[in-house]
Amino acid sequence: MAVTVAALLAGCASKEDDLGLDRTPADQLYNEGLVLQQAGKRSDAVKKFEDLDRLHPYSEWAKKSVLMQAYTEFERGKYTECITAARRFVTLYPGSPDAAYAQYLMAESYYKQIPDISRDQERTGKALQAYAELVQKYPDSPYADDARRKLLAVKDQLAGKEMDVGRFYLRKGQYLAAINRFKVVTTEFQTTRHVEEALARLVEAYYALGVVNEAQTAAAVLGHNFPDSQWYKDSYSLLQKGGYDPSESSDSWISKSFRGFRVL
């Protein structure tokens with residue numbers, strides 16, 4: 001973030017009136033915060049911006065200070081604090097030209113906290129929401145293209161988690177629970193790299209349950225969209241062992257969810 005530091009006014013010490021109240025001008029507090037921030041004293045800078053916001057609420061300088069709080073907290077890896085300040089800015093100043101940047105900081109803070117696939121993905125879901133909101137509200141902002149790229153990565157992470165849990169249920173023979181997980185991938189995350197396997201796992205789970213028509217439909221949809229996939233070859237072989245071929249039922253939820261689907 002480009003920050004321009006104005007020259008500090010002479011006499012940077014806080015100015016108190018007869019009642020002991022700090023009367024330091026807002027612009028001086030802001031400039032002092034910028035100097036501290038660029039000097040790497042981020043904790044002190046945040047305190048200065050917080051003082052400005054407290055002492056001069058609703059001023060233009062207070063508005064700037066909230067955004068600088070968010071940016072500085074992000075720089076020092078305090079992502080929870082960054083999210084709090086960025087959300088406050090977006091809430092108070094939704095029409096500001098800087099609202100898109102505040103929304104971006106919020107999304108990036110969630111993104112930085114995405115855990116590995118074996119752990120709970122709550123922050124991943126919040127990153128998805130924050131990026132999606134950025135793209136929706138500020139589609140022409142300088143941050144929208146990066147948000148769109150990150151959305152693909154976030155969706156892939158969430159789909160990967162669903163697949164991980166689905167495979168677990170499949171190994172345990174809990175086929176309905178597994179199907180529910182693979183269904184999420186095939187309905188909500190079709191553009192991710194996991195969709196081929198999800199369809200193949202649906203073939204496997206439905207076949208194990210004896211719901212052959214759905215297994216055939218999953219295989220047919222897989223073959224139609226990914227004819228050269230190893231997952232399709234494996235699914236085809238599984239059905240052939242029982243004397244069945246892939247055959248799509250237009251009434252199946254699988255068929256309905258893939259209508260209009262295009263391989264990227």
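Which residues in α10 are buried? I would like to start there, and I should say at once that what we are looking at is a predicted model.

In α10, the buried residues are V212, E214, A215, Q216, T217, A218, A219, A220, V221, L222, G223 and N225. That makes α10 a mostly covered helix, with 12 of its 14 residues buried, and the cover over those buried residues includes α9 (195–209), α11 and α12 (253–257). As for its length, helix α10 runs over residues 212–225, and at 1.5 Å a residue its 14 residues should span 20 Å, which agrees with the 20 Å between its end C-alpha atoms.

Let me set helix α2 beside that, residues 42–55, where the 14 residues at 1.5 Å each should again span 20 Å, and where the end C-alpha atoms are 20 Å apart, in agreement with that expectation. The buried residues in α2 are A45, V46, K48, F49, D51, L52 and D53, and what they pack against is α1 (26–38), α3 (60–75) and α4 (79–92).

Following the chain out of α2, we come to Y58, which is found in the loop between α2 and α3. Y58 is not a glycine, and yet it has a positive phi of about 70°; its relative accessibility is 80%, so Y58 counts as exposed, the cut-off being over 50%.

Now to the aromatic rings. A pair of aromatic rings is described by the distance of the centres and the angle of the planes. In this model the count comes to 10 aromatic pairs. One of them is formed by Y104 and Y143, which are stacked, with 5.1 Å from centre to centre and 20° between the planes. Because Y104 lies in helix α5 (residues 99–112) while Y143 lies in the loop between α6 (122–137) and α7 (144–171), this pair ties together parts that are 39 residues apart in sequence. Y104, at 15% relative accessibility, counts as buried, whereas Y143, at 23%, counts as partly exposed.

How are the rings of Y232 and Y236 arranged? Their centres are 6.1 Å apart and their planes stand at 55°, so this pair is tilted. Both residues belong to helix α11 (residues 230–241), and because they are four residues apart there, about one helical turn separates them. Y236, at 33% relative accessibility, counts as partly exposed.

There is also an aromatic cluster, made up of Y30, F49 and W61, and F49 is one of the buried residues of α2 that I listed earlier.

Two lysines also deserve a place on this slide. K150 has its charged end over the ring of Y111, at 4.9 Å from the centre of that ring, and K183 lies over the face of W253, likewise with 4.9 Å to the ring centre.

Finally, the pockets. Rolling a probe the size of a water molecule over the atoms shows where empty space is left. The largest pocket holds about 160 Å³ of space. Its lining consists of 11 residues, and those that lie nearest its centre are Y30, K63, K64, L67 and D98. Which helix gives the most to the lining of the largest pocket? That is α3, with five residues. Y30, then, appears twice in this account, in the aromatic cluster with F49 and W61 and among the residues nearest the centre of the largest pocket.

Definitions and conventions
Residues numbered from 1 in each chain as written. Predicted model: local features only at pLDDT ≥ 70, side-chain atom pairs only at ≥ 80, totals over all residues. Heavy atoms only, no water. Phe/Tyr/Trp six-rings, centres within 6.5 Å; stacked < 30°, edge-to-face > 60°. Helix = DSSP H or I, 4+ residues; strand = E, 2+ residues; numbered from the N terminus. Buried < 20%, exposed > 50% of the residue type's maximum accessible area, 1.4 Å probe, protein only. Lys NZ or Arg CZ within 6 Å of the ring centre and 35° of its normal. Expected span 1.5 Å × (residues − 1). Contact = heavy atoms within 4.5 Å. 1 Å grid on protein atoms, 1.4 Å probe; cavity = no way out; pocket = protein on both sides within 12 Å on 5 of 7 lines; lining within 4 Å. Points joined across faces, edges and corners; volume = space filled by probe spheres on them.
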